[in-house]
Amino acid sequence: MSVPTSLDVEQARPRLRELTVVDVRTPGEFASGHLPNALNVPLDRLVRSLPELRPAADRSPLLIVCASGARSDSAVRTLSSHGIPASSLAGGTEAWAAGGHALEYPGGGARPRAVWAMERQVRLAAGSLVLLGLLLGLLLHPAFSLLSAAIGGGLVFSALTGTCGMAVVLGRLAFNRRGAGVGP
């Protein structure tokens, strides 16, 4: 069976009951609102979850979701490389909510305090470290400027490889693990 690599919100919504929705955001992001009946399998745990995802994909098509579509595109490529067909939700939960569709929250409760999207967390951390390196380089010792260079090099590496070590580290912080334990 051929599975499209991407579905937009209007293509996915009427098929939602026949899809297995897998949200690859951190548990903290997942807790701040997700598509109905979504399972949470953070991107950094995706490969470890292949034994559970393979039978799920055999039962119904997988729809992979993140905040904006970037991480879900990466997850679809990873799953495809392991022989598991899946589709990414174009625009992610942001597009879903912008389309006026409801999000669910763990425990069915009210909307919890939102956790910043991982991309935003990475931009804040990288920008702060670059500024810190420049400031310390000007005020204390020029060698501190190497911190800024290291962050710049890490960002270039991240862009070239499609991976992000800083996102992996930030994903392990307590506020990004809130609500962990959902999904396979």
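How many bridges join S1 to strand S5? In this predicted model, two bridges join S1 to S5, a strand that spans residues 86-89, and the two strands run parallel. Within this pairing, Ser 6 of S1 has Ser 88 of S5 as its bridge partner.

The pairing of S1 with S5 belongs to a wider arrangement, in which five strands form an open sheet with parallel pairing, in the order S1-S5-S4-S2-S3. Strand S1 (6-7) and strand S3 stand at the edges of the sheet, and because each has a single partner strand, one side of each is left without a neighbour in the sheet. Besides these five strands, the chain contains nine helices, and its elements follow one another along the sequence in the pattern β-α-β-α-β-α-β-α-β-α-α-α-α-α. Of the 184 residues in the chain, 39% are buried. When contacts between residues at least 6 apart in sequence are considered, 68% of them join residues that are at least 24 apart.

Strand S2, which comprises residues 20-23, is covered on both faces, with Thr 20 and Val 22 buried on one side and Val 21 and Asp 23 buried on the other. Four bridges connect S2 to strand S4 (residues 62-65), and these two strands run parallel. Among the pairs formed between them, Val 22 has Ile 64 of S4 as its bridge partner, while Asp 23 is partnered by Val 65 of S4. The pairing of S2 with strand S3 (residues 39-40) is likewise parallel and rests on two bridges, with Val 22 standing opposite Leu 39 of S3. Val 22 is thus named in pairings with S4 and with S3.

Strand S4 is also buried on both of its sides, since Leu 62 and Ile 64 point one way from the strand, Leu 63 and Val 65 point the other way, and all of these residues are buried. Three bridges join S4 to S5, and the two strands run parallel; in this pairing, Leu 62 stands opposite Ala 86 of S5. Helix H4, made up of residues 70-81, lies across S4 and S5 and runs at about 175° to S5.

Several individual positions outside the strands can be described in relation to this sheet. Thr 93 is located in helix H5 and, with a relative accessibility of 7%, counts as buried. Apart from its neighbours within four places in sequence, Thr 93 is in contact with Asp 23, Arg 25, Gly 33, Leu 35, Val 65, Cys 66 and Ala 67. Two of these contact residues, Asp 23 and Val 65, are themselves bridge partners, joining S2 and S4.

Gly 99 lies in the loop between helix H5 (92-98) and helix H6, and its relative accessible area of 40% makes it partly exposed. Although Gly 99 and Val 9 are separated by 90 residues in sequence, their C-alpha atoms are 7.5 Å apart in space. Asn 37 occupies a place in the loop between helix H2 (27-31) and S3, where it counts as exposed because its relative accessibility is 67%. The backbone at Asn 37 has a positive phi of about 60°, even though this residue is not a glycine. Most residues other than glycine have a negative phi.

Further along the chain, helix H6 (residues 118-139) packs with helix H7 (residues 145-161) at an angle of about 155°, and the axes of the two helices are 6 Å apart. H6 and H7 are therefore roughly antiparallel to each other, and their crossing is left-handed. The contact brings Ala 126, Leu 129, Val 130, Leu 132, Gly 133, Leu 134 and Gly 137 of H6 together with Ser 145, Leu 147, Ser 148, Ile 151 and Leu 155 of H7. By residue class, this contact of H6 with H7 consists of eight nonpolar and four polar residues, with no charged residues.

Note on methods:
Residues numbered from 1 in each chain as written. Predicted model: local features only at pLDDT ≥ 70, side-chain atom pairs only at ≥ 80, totals over all residues. Heavy atoms only, no water. Buried < 20%, exposed > 50% of the residue type's maximum accessible area, 1.4 Å probe, protein only. Pairing = 2+ DSSP bridges. Axes fitted to C-alpha atoms, helices over the stretch in contact; angles between N-to-C directions. Parallel < 35°, antiparallel > 145°, perpendicular 65-115°, else oblique. Left-handed = near helix turned anticlockwise from the far one by under 90°. Contact = heavy atoms within 4.5 Å. Nonpolar A, V, L, I, M, F, W, Y, C, P; charged D, E, K, R; others polar.
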